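Work through the following exercises with the coordinates open. Each one sets a task and then solves it step by step.

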Amino acid sequence: MRWSVSILLLVSAVVSAQSSHLAEIRQLTHGGENAEAYWAPDGKRLIFQTTRSPYGCDQIFIMNADGSDQHLVSTGKGRTTCGYFLGDNHHIVYASTHLAGDACPVEPDRSKGYVWGVFSGYDIFLATDDGKIEKRLTDTPGYDAEATVNWKTGDIVYTSLASHDLDLWTMRADGSGKKRLTTKEGYDGGAVFSRDGKKLVWRANYPKTPSDMDRYKSLLADNLTAPMKMEIVVADADGKNARQITNFGCASFAPTFTPDGKKILFSSNKHQCDSRNFELYQINVDGTGLEQVTSFGGFTSFPEFSPDGKTLVFCSDHDAKSRYEFNIFTAAWNN
């Protein structure tokens, strides 16, 4: 079949918009709000959150790595976030508000600016990969969410308000052994381990002035946080020796280690601070060697490398048909 000129131009534009790291870009979802896709240990499936009919807010779905067989694995009630596979390839964890009510939580009051809801009804649940909940892993009052799993150690890292601040905690897959990792006042979240389980990276917002701290506390009292000033922090797996490796004064988040553990891939709007335009960047774990990886010109985030390190999954509004459409993409990764 002969390709039309328009198709050739489109393919050329997509390729030229990216660095040499990405090739063979493939779109897996089409329409709706799809985000935070993470690999199964065998590399054959992805778990992700999506808002699509008939659900009024995010639910957890699983699909094959080629985008086929997209199906619900959460309850379909409340709101969910941050699904992740356990190392056995057959269990998942995710956060959900369904015990607090069947309906979606009320959206944040945007008269307070661009804010995220850290809904008090969120707890973390262990379930089979076909959706059967086996255990509620957290039950403290307030927000418990943003869980990811290290497949080598079996540890789960998550964000919790159990300390009355948004801190990082770890626990075992059965919910035992809960341990607080961070104590600095401010938001710590979106944490992931390096593959060897020795390092941790996350996004953080530590208010620097009394007025900023007052606003942080005021928002938190209303189960809200402002995400537009966040930096990337790296530490040992126990939270010790934490060091901030970005200082952009913008919003940097969704970090993940490269398979060799030497670099961090993350999303940031540093090129257009305070905007909704985010691209992927790569940086050494010591904060040197910053490199822009994508140039889609919109929102691109939530990268994660496949278990074999050959494929990157990410979320983007590239070629979206509406303002709030976000889709899941994969691409071959070239070092």
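Two strands pair if DSSP finds at least two bridges between them; helices (H or I, at least four residues) and strands (E, at least two) are DSSP runs, numbered from the N terminus. The model is predicted, so local features need pLDDT of at least 70 and side-chain atom pairs count only at pLDDT 80 or more, while totals for chains, interfaces and linings use all residues. Residues are numbered from 1 along each chain as its sequence is written, and side-chain values use heavy atoms, with hydrogens and water left out.

**Exercise 1. Describe strand β9, its burial and its partners.**

Step 1. Apply the burial cut-offs: buried means under 20% relative accessible area, exposed over 50%, and partly exposed in between (1.4 Å probe, protein chains only). Six of the six residues of β9 (residues 123-128) are buried, so the strand is largely enclosed by the rest of the structure.

Step 2. Sort the side chains by direction. In a regular strand the side chains alternate between the two faces of the sheet. Asp123, Phe125 and Ala127 point one way from β9, and Ile124, Leu126 and Thr128 point the other way.

Step 3. List the partners. Strand β7 (residues 91-96) runs antiparallel to β9 and is joined to it by six bridges. Strand β10 (residues 133-136) also pairs with β9 in the antiparallel sense, over three bridges.

Step 4. Follow Leu126 across the strands. Val93 stands opposite Leu126, and in β10 the bridge partner of Leu126 is Lys135.

Step 5. Inspect the turn. The hairpin of β9 and β10 has four residues between the strands, and Gly131 there takes a positive phi near 100 degrees.

**Exercise 2. Find the edge strands of the two open sheets described here.**

Step 1. Take the sheet with the order β11-β12-β13-β14, formed by four strands with antiparallel pairing. Its edges are β11 (144-149) and β14 (179-180); each has a single partner strand, so one side of each is left without a neighbour in the sheet.

Step 2. Check a pairing in this sheet. Four bridges join β11 to strand β12 (residues 156-160) in the antiparallel sense, and Asp144 stands opposite Ser160 in β12.

Step 3. Take the sheet with the order β20-β21-β22-β23, again four strands with antiparallel pairing. Here β20 (252-257) and β23 (291-292) stand at the edges with a single partner strand each, so one side of each lacks a neighbour in the sheet.

Step 4. Check a pairing here too. Strand β22 (residues 279-284) and β23 pair antiparallel over two bridges, with Tyr281 opposite Gln292 in β23.

**Exercise 3. Characterise the surroundings of Arg45 and Glu36.**

Step 1. Place Arg45. Arg45 is found in strand β3 (residues 45-51) and is buried because its relative accessible area is 17%.

Step 2. Look for polar contacts (a pair of N or O atoms within 3.5 Å; within protein, one must be able to donate a hydrogen and the other to accept it, and residues adjacent in sequence count only if both atoms are side-chain atoms). The Arg45 side chain makes one with the side chain of Asp129, at 3.0 Å.

Step 3. Collect contacts, meaning heavy atoms within 4.5 Å. Not counting residues up to four places away in sequence, Arg45 touches ten residues' worth of neighbours including Tyr38, Trp39, Phe85 and Asp129.Step 4. Repeat for Glu36. Glu36 lies in strand β2 (residues 33-39) and is buried, with a relative accessible area of 11%. The side chain of Glu36 makes a polar contact with the side chain of Tyr38 (2.9 Å). Leaving aside neighbours within four places in sequence, Glu36 is in contact with Ile47, Phe48, Gln49, Thr81, Cys82 and Phe302. The C-alpha atoms of Glu36 and Thr81 are separated by 8.4 Å, with their positions 45 residues apart along the chain.

**Exercise 4. How many salt bridges does the model have, and what do three of them link?**

Step 1. Count with the rule that a side-chain nitrogen of Lys or Arg lies within 4 Å of a carboxyl oxygen of Asp or Glu. The count comes to 12 salt bridges.

Step 2. Take Arg203 and Glu146, whose closest N and O atoms are 3.3 Å apart. Arg203 lies in strand β16 (residues 199-205) and Glu146 in β11, so the pair ties together parts 57 residues apart in sequence. Both Arg203 and Glu146 are buried.

Step 3. Take Asp167 and Arg180, which meet in a salt bridge at 2.9 Å, N to O. Asp167 is in strand β13 (residues 167-171) and Arg180 in β14, so this pair ties together parts 13 residues apart in sequence. Asp167 counts as buried at 0% relative accessibility, whereas Arg180 counts as partly exposed at 34%.

Step 4. Take Glu185 and Lys217, with closest N and O atoms 3.5 Å apart. Glu185 is in the loop between β14 and β15 (187-193) and Lys217 in helix α2 (residues 210-221), 32 residues apart. Glu185 is partly exposed at 37% relative accessibility, and Lys217 is partly exposed at 42%.
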